[in-house]
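Here are a few exercises to work through with the model open beside you. Try each task before you read its solution.

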2 protein chains.
Amino acid sequence: MAKANVKEQILTTSVNLLHSKGFNATSVQDITDAAGVPKGSFYNHFTSKEALGMEVLQRYIATVADIAAVLQDRTLAPKARLQQFFDGLIAGNAANDFHSGCLLGNFSTELSNQIPAMRSTMQQALAGSGEMLAAVIAEGQQDGSIGNRAPAAELAAFINDAWQGSVLHAKTEQSQAPLDRFTRIVLSNILA
Amino acid sequence: MAKANVKEQILTTSVNLLHSKGFNATSVQDITDAAGVPKGSFYNHFTSKEALGMEVLQRYIATVADIAAVLQDRTLAPKARLQQFFDGLIAGNAANDFHSGCLLGNFSTELSNQIPAMRSTMQQALAGSGEMLAAVIAEGQQDGSIGNRAPAAELAAFINDAWQGSVLHAKTEQSQAPLDRFTRIVLSNILA
């Protein structure tokens, strides 16, 4: 296997393993076994498990950014964009039967104190998705399709947090119900 | 030290350690070192680290139940009870500078797949606090102090989830701001 392929193999395997099992419960040996590569090859591509964790986190953030692209599609009404964004996130969770939660949320709870560099990357990612949500909500408040009871930035930050909590609950329940409830309350109550 | 004291010493230390560092990142050695007891004494009181984890979880759930007692204080208006409940939860988070999040949320993300018995205890705890919240919201909907845009049980379950997400964000930010925002949006928007 070419070197680039080994690295890609390790990364793809790690996104799944670290997402479903967590960072500390997964050893380098678990990763190389699952990836089908020699354990020694790990350190040709990553200086440490922490370094791999950072790459896994960045890859996950890029996936969410792809789903979030719809938020900037001005051919759709603001609430339709929000609905499609939530649908996209829910589909991502459905793909692993709601067992894994959000890698960003998992790493936040598990690693915020353990790996400071990860904490700032996660902060930026959460702030970034908050800003995109806020822009859509502000647009809806201006065209009158979204209520004005609180500032767009405040609503967006809260909705972001509520999403993380709903994903966490979906994982505990291994069920889609908390995510569907999230969409209903956000679109028909908070933003009504 | 009498045996009962050693067990209590281990438990008190573990509540703090497992809450702040996580389950898998904390070894039995870490716990007995921090508790100042011989490593061997651990297994006189707990069959495994998982068994200790269950006792820590139950102790944490009892603490939250104490804070939740105000929800049943009928001398207070429903929204005042909710405000006091949230204030109590926020004070609990402030006590550890928002570094530790909610142990229930932390264990949910870290251990749902790893320790099935813990998953069902956490499910019950989350469902129980949801029912208490729902009863207060239903009371407010009946006396007209809380809006009727969604059923009480649905609102309560969502608010529960939003709390977990806000705590997670407070931990990532090491800041009280997400928790204050939670209280504002819940009381002035969702339940308005």
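**Exercise 1: an exposure call**

Task: Decide how Gln174(B) counts in terms of exposure, and say what its phi looks like.

Solution: Start with the neighbours. Gln174(B) has 13 C-beta neighbours inside 10 Å, so it counts as partly exposed. The cut-offs explain the call, because 20 or more would make a residue buried and 12 or fewer would make it exposed. Keep in mind that this is a predicted model. Next, find the spot: Gln174(B) sits in the loop between α8 and α9 of chain B. Finally, check the backbone: phi of Gln174(B) is near 50°, a positive value in a residue other than glycine.

Now look at the other chain. Gln174(A) is in the loop between α8 (152-173) and α9 (177-190) of chain A. Its phi is positive too, about 45°, although Gln174(A) is not a glycine. Gln174(A) also has 13 C-beta neighbours inside 10 Å, so it counts as partly exposed.

**Exercise 2: the build of chain A**

Task: Work out how many helices and strands chain A has, then describe its box and burial.

Solution: Count the elements to begin with: chain A has nine helices and zero strands. Along the sequence that reads α-α-α-α-α-α-α-α-α. For the extent, the C-alpha atoms of chain A fill a box of roughly 60 × 30 × 30 Å along the principal axes. Of the 192 residues in chain A, 41% are buried. Last step, the contacts: among those in chain A with a separation of 6 or more, 64% join residues 24 or more positions apart.

**Exercise 3: where the chains meet**

Task: Which helices of chain B supply at least two residues each to the side that touches chain A?

Solution: First get the totals: 42 residues of chain B are in contact with 42 residues of chain A. The helices you want are α1 (3-21), α6 (103-111), α7 (116-143), α8 (152-173) and α9 (177-190) of chain B. The largest share, 14 residues, comes from α8(B). By type, that side of chain B splits into 14 nonpolar, 19 polar and nine charged residues.

**Exercise 4: symmetry and core**

Task: What turn lays chain B on chain A, and which residues have the most contacts inside the largest nonpolar core?

Solution: A turn of 180° with a shift of 0.0 Å along the axis does it, with an RMSD of 0.0 Å. The two copies are therefore related as by a two-fold rotation axis. The same surface serves both copies, as 100% of the contact residues of chain B recur in chain A.

On to the core, which has 98 residues. Leu155(A), Ile159(A), Leu155(B) and Ile159(B) have the most contacts inside it. Leaving aside residues up to four places away in sequence, Ile159(B) touches Leu133(B), Val186(B) and Ile190(B).

How values were computed: Residues are numbered from 1 along each chain as its sequence is written. Chains are lettered from A and ligands numbered from 1 in the order in which they are written. This is a predicted model: local features need pLDDT of at least 70, side-chain atom pairs count only at pLDDT 80 or more; totals for chains, interfaces and linings use all residues. A nonpolar core is a set of buried Ala, Val, Leu, Ile, Met, Phe, Trp, Tyr and Cys residues joined through C-beta atoms within 7 Å. Two residues are in contact if their C-beta atoms, placed from the backbone, lie within 7 Å. Helices (H or I, at least four residues) and strands (E, at least two) are DSSP runs, numbered from the N terminus. Ala, Val, Leu, Ile, Met, Phe, Trp, Tyr, Cys and Pro count as nonpolar, Asp, Glu, Lys and Arg as charged, and the others, Gly among them, as polar. Copies are superposed by least squares on the C-alpha atoms of residues with pLDDT of at least 70 in both.
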